[in-house]
Amino acid sequence: MASVNKVILVGHLGKDPEVRYLEGNITVCSFPLATSETYTKDGVRMQHTEWHNIVMWRNLGEMAVKYLKKGKLVYIEGRLRTRNYEDREGNRRFVTEIVGESFKLLGRPSDFGQTAKPTSDSGAEDVEKEQEVDFMENDNDTDGLPF
C-alpha cells in the first residue's frame with residue numbers, strides 16, 4: 001500500500017519570508033508559521049500556539065517572498081521533511097520542516113491593498129468578504145533535486 005505525506009496548515013506568518021539562492025540560482029525561502037488552538041480548562045479559555053518551519057523552493061519561494069508578509073493569514077499545503085546536520089560543537093541536530101507545495105492568501109480585500117467598492121447609489125459599501133489567492137509549485141521543474 002502506498003503511503004501519504006500531506007500537511008495542511010492555516011496560520012499566520014511569524015515573520016517575513018527569508019530568501020537565499022543556491023548554486024544554479026535556485027530560490028529557497030523559509031519562514032515560521034503559527035497555528036493556534038483554543039480550549040477550555042477548568043472553565044478558563046486557554047490558547048496553545050504551535051510554530052512550524054516552512055520552506056518553499058524555486059518559483060513558489062519567489063512568490064512567497066513577493067506576497068507573504070509577517071502577520072498575514074495563509075493556507076499552506078505541503079509535506080513533512082526531517083533533515084539532520086552537525087552544529088558547530090559537533091552535535092547531530094534534527095529539524096522537521098514543512099516543504100510547501102502550494103499556498104493561498106486568506107483574508108479580506110483590504111489585507112491585499114484593495115478597497116471595497118460602492119454597490120448602490122447611496123454609496124454604501126459591501127461588507128468585505130474573505131478572499132483567496134492561489135499559488136502552486138511548478139510541476140514541470142526538472143532540475144533533478146530531490147525536494
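The questions and answers below walk through a predicted model, taking up its strands, its charged pairs and its surface.

Reader: In which sense do strand β5 and β6 pair, parallel or antiparallel, and over how many bridges?

Author: Strand β5 covers residues 73–86, and strand β6 covers residues 92–107. One position where the two can be followed is E86, which stands opposite R92 in β6. Taken over their pairing, β5 and β6 are antiparallel, and the number of bridges is 14.

Reader: Which residue in the turn of the hairpin formed by β5 and β6 has a positive phi?

Author: The hairpin formed by β5 and β6 has five residues between the two strands. Within that turn, a positive phi of about 90 degrees belongs to G90.

Reader: Which residue is the bridge partner of I54 in β6?

Author: Strand β4, which is made of residues 44–57, runs parallel to β6, and two bridges join them. Looking across from I54 to β6, the bridge partner is I98.

Reader: Is E97 buried or exposed, and what is its relative accessible area?

Author: E97 is found in strand β6. Setting aside residues up to four places away in sequence, E97 touches N53, V55, R79, L80, R81 and R83. A residue counts as buried when its relative accessible area is under 20%, so E97 is classed as buried, with a value of 6%.

Reader: Which side chain is joined to that of E97 by a polar contact of 2.7 Å?

Author: The side chain of E97 takes part in a polar contact with the side chain of R83, at 3.0 Å. The polar contact of 2.7 Å, by comparison, joins the side chain of E97 to that of R81.

Reader: How many residues apart are R83 and E97, the pair that links distant parts of the chain?

Author: R83 and E97 form a salt bridge in which the closest N and O atoms are 3.0 Å apart. The pair links distant parts of the chain, with R83 in strand β5 and E97 in strand β6, and the separation is 14 residues.

Reader: Is R83 buried or partly exposed, and what is its relative accessible area?

Author: Its salt-bridge partner E97 is buried, at a relative accessible area of 6%. Buried means under 20% and exposed means over 50%, with partly exposed in between. R83 therefore counts as partly exposed, its relative accessible area being 35%.

Reader: Which residue meets R93 in a salt bridge, and is that residue buried or partly exposed?

Author: The side chain of R93, which at 39% relative accessibility counts as partly exposed, meets that of D87 in a salt bridge of 2.9 Å, N to O. With a relative accessibility of 14%, D87 counts as buried. Salt bridges that share partners form one network, but the residues joined there are R81, R83 and E97. The partner of R93 in the salt bridge is D87.

Reader: How many salt bridges does the structure hold?

Author: Among the salt bridges is one in which the side chains of E18 and K15 meet at 2.9 Å, N to O. Here E18 is partly exposed, with a relative accessible area of 44%, and K15 is partly exposed as well, with 36%. For the structure as a whole, the number of salt bridges is six.

Reader: What distance separates the C-alpha atoms of A34 and G71?

Author: A34 lies in strand β3, residues 26–41, and its relative accessible area of 13% makes it buried. Leaving aside neighbours within four places in sequence, A34 is in contact with G11, H12, T49, E50 and W51. A34 and G71 are 37 residues apart along the chain, and their C-alpha atoms are separated by 9.3 Å.

Reader: What distance separates the C-alpha atoms of L105 and V10?

Author: L105 has its place in strand β6, and at 3% relative accessibility it counts as buried. L105 and V10 are 95 residues apart along the chain, while the separation of their C-alpha atoms is 9.8 Å.

Reader: Which residues form a nonpolar patch on the surface, and what is their accessible area together?

Author: One member of the patch is V44, which is found in strand β4 and is partly exposed, with a relative accessible area of 46%. The patch is formed by Y39, V44 and M46, and their accessible area together is about 250 Å².

Key. Residues numbered from 1 in each chain as written. Predicted model: local features only at pLDDT ≥ 70, side-chain atom pairs only at ≥ 80, totals over all residues. Heavy atoms only, no water. Patch = residues over 30% accessible without salt bridge, like charges linked within 9 Å, V, L, I, M, F, W, Y side chains within 5 Å. Areas by Shrake-Rupley, 256 points an atom, 1.4 Å probe, with all protein chains shown as cover. Salt bridge = Lys/Arg side-chain N within 4 Å of Asp/Glu carboxyl O. Helix = DSSP H or I, 4+ residues; strand = E, 2+ residues; numbered from the N terminus. Buried < 20%, exposed > 50% of the residue type's maximum accessible area, 1.4 Å probe, protein only. Polar contact = N/O pair within 3.5 Å; in protein donor to acceptor, adjacent residues only side chain to side chain. Contact = heavy atoms within 4.5 Å. Pairing = 2+ DSSP bridges.
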